[in-house]
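Please find below a short note on the charged side-chain pairs, written for a colleague who has not yet looked at this structure. The points are best read with the structure open alongside.

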Amino acid sequence: MSKSPDSQRMEKIVSLCKRRGFIFQSSEIYGGLNGLWDYGPLGVELKRNLKNYWWRVTVHERDDVVGMDGSILTHPSVFKASGHVEGFSDLMVDCRLTGQRFRADQVPAQSGAIYSFNGARDVIPPESAFKILVRWAADLLPSAEKVSRKDSIRLALLVNDHRNFNLPKPDKAALSIYKFFVEFANKMSSQDDVSKNEADDFRQAYVSSPDASEDSIRLLRRKGENEGTIFKRAEAFYQLRKILMPLTSPPTPKNATNSREFNPENGAELTPPRPFNLMLETYLGAVADESSKAYLRPETAQAIFVQFKNILEVSRKKLPFGIAQIGKAFRNEINPRNFTFRSREFEQMELEYFCRAEQGMELLEYWKEERLKFYENIGIPRSKLHVLTVPDEERAFYSKGTYDIEYDFPFGRQELEGVAYRTDYDLSQHQKASGKSLEYFDEETKQRFIPHVVEPSAGVDRTVLALICEAYSEDQAPDEKGKMETRLVLRFHPRIAPVKCGVFPLLKNNPQLIAKAKEIVELLRPHMTVFYDESGAIGRRYRRQDEVGTPFCVTVDFETLGEKDAALRDTVTLRERDSMKQERVAINDLLGTLTSRIR
Ligand code: GAP
């Protein structure tokens, strides 16, 4: 089946990320670790620019927000109080055939015919019958005592030939083998030189007490699937239950429409959903027991709640005010997928904005709008962002309102950030569990109360992925000879682009051009990331920078040296990535021109 344009686009993005050093699979040389990623030289710059911009607009440019950086390893009591130990779980289902695990809510609806297999018997003789068979064949096969049960058919065929039973060789189907052995047992019991008891024992063991499994399995036969495939899967299921060659009774298929009870990959029945806690734990100190247990935090938020009183005291902020944090979070996701979208280790940018109860709903709206503006300001257009109002039944019980901000990824519309009004739940829980007051004292009204909180919680890695997906584009541009070719370009907003400016001397063997270019590098470097490149034709150098999203390139040419026109001395060509337009800029103006465009 040909791949959809969106999945082709995603494949190209993943491949570019690796090829140009944005993102690599973690522990790749050892086969990789599922759901874990390493950021390469360009990825780390992109990620840093994103986090720095978030910090700038959320903390530095506001009077009402302060920052913190909490520890990743967290006291278990924190997550008992927050409800994570009890309830931070996904419902998961396992494939009864392969053991593959899926999140129950991610299993797609499927239609087809259900084949229910209710047990199977083994058509290979059980151990006791096999021993008798080995004795019967002993004279015909010198190494008969070394053969295994899997060779039963071969042994029986030797006896069959030797005694001229003329039983036809069974084919590979279990039914054919079963019929063969039943006939074989009949023939043996009528042989004069064969002990009657032994022949009866063989038949008894084979026909009446075969190896069997009572386990049942349902398999979904999807449109276009061969019935033989279903029987093969049933066979594999019983083989896993130690039945060497299972004979099943042919089931009567029943129609199923939009069922979520089957593995989308092989149609095998899934187990009923059961909760699976997503928190990762470790042990601190020399002894690994309950008393030394600590959790790797599954969200950064709890550290903020737990430090609320300390930060309130030292910052002397008045409500409403926020505490912001950027940091790692860990979740033992059942199905990490879609590249970095759902990872087991990721970073969050979270703000807990504390307020009075009556301000909660209004601030929820305010922060939703602020966050949408944020995404637009880093280059994600409003048209690709969607606000989902999380319905009552899906919201955490303590939340009075939650929005998901979603983005149109090539693999579908998915959540980038949650903006939730969490009421006073978290602080109340920690106050109750710790016995320490987490109240706010209002000096004007002389009232003490637990503040409410609105939480915009964004994923760094998901946003990085959205930025890359949004930036990825292919257009047509002339090559060195003026012939049009496909140009791969990452159209990052200059503010988050990993490299802001490429600096090139026109020729690599001209010391004057090189010296001037290096002067420019020194001029710009304290203010932005710069990439110096002197190798290859100038067009190729532009293309290399286009591919990693560098918004500006500066070329030092002979005009810069004043060789053609004295008026152009100490000017350079400034080329803009998206339009490919070039302008002549005085070196003296270069820093100002660029810094105003990248901030
Ligand atoms: N404190 C609230 C909280 O953690 P969440 O919706 O579970 O809420 C917030 O997570 C954001 O963290 C998500 O919108 C997403 O951007 C990011 N995130 C959550 N799980 C993630 C995962 N497994 N991989 C990457 N990012 C994830």
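1. The structure holds 52 salt bridges, and it should be kept in mind throughout that this is a predicted model. The points below take up three of the pairs in turn.

2. Arginine 103 forms a salt bridge with aspartate 105, and the closest N and O atoms of this pair are 2.9 Å apart. The two partners fall into separate classes of accessibility, since arginine 103 is buried with a relative accessible area of 13%, whereas aspartate 105 counts as exposed at 56%.

3. A salt bridge also joins the side chains of glutamate 370 and lysine 373, at 2.8 Å from N to O. Both residues lie in helix H12, which covers residues 360–377, and they are three residues apart, or about one turn of the helix. Glutamate 370 is partly exposed, with a relative accessible area of 22%, and lysine 373 likewise counts as partly exposed, at 44%.

4. Arginine 491 and aspartate 578 meet through their side chains in a salt bridge of 3.5 Å, N to O. Arginine 491 lies in the loop between strand S23 (484–490) and strand S24 (501–505), while aspartate 578 lies in the loop between strand S27 (571–576) and strand S28 (582–586), so the pair ties together parts that are 87 residues apart in sequence. Arginine 491 is partly exposed at 31% relative accessible area, and aspartate 578 is partly exposed at 28%.

5. This last pair belongs to a network, in which salt bridges that share partners join Asp475, Arg487, Arg491, Asp546, Arg575, Arg577 and Asp578.

Technical notes: Residues numbered from 1 in each chain as written. Predicted model: local features only at pLDDT ≥ 70, side-chain atom pairs only at ≥ 80, totals over all residues. Heavy atoms only, no water. Salt bridge = Lys/Arg side-chain N within 4 Å of Asp/Glu carboxyl O. Buried < 20%, exposed > 50% of the residue type's maximum accessible area, 1.4 Å probe, protein only. Helix = DSSP H or I, 4+ residues; strand = E, 2+ residues; numbered from the N terminus.
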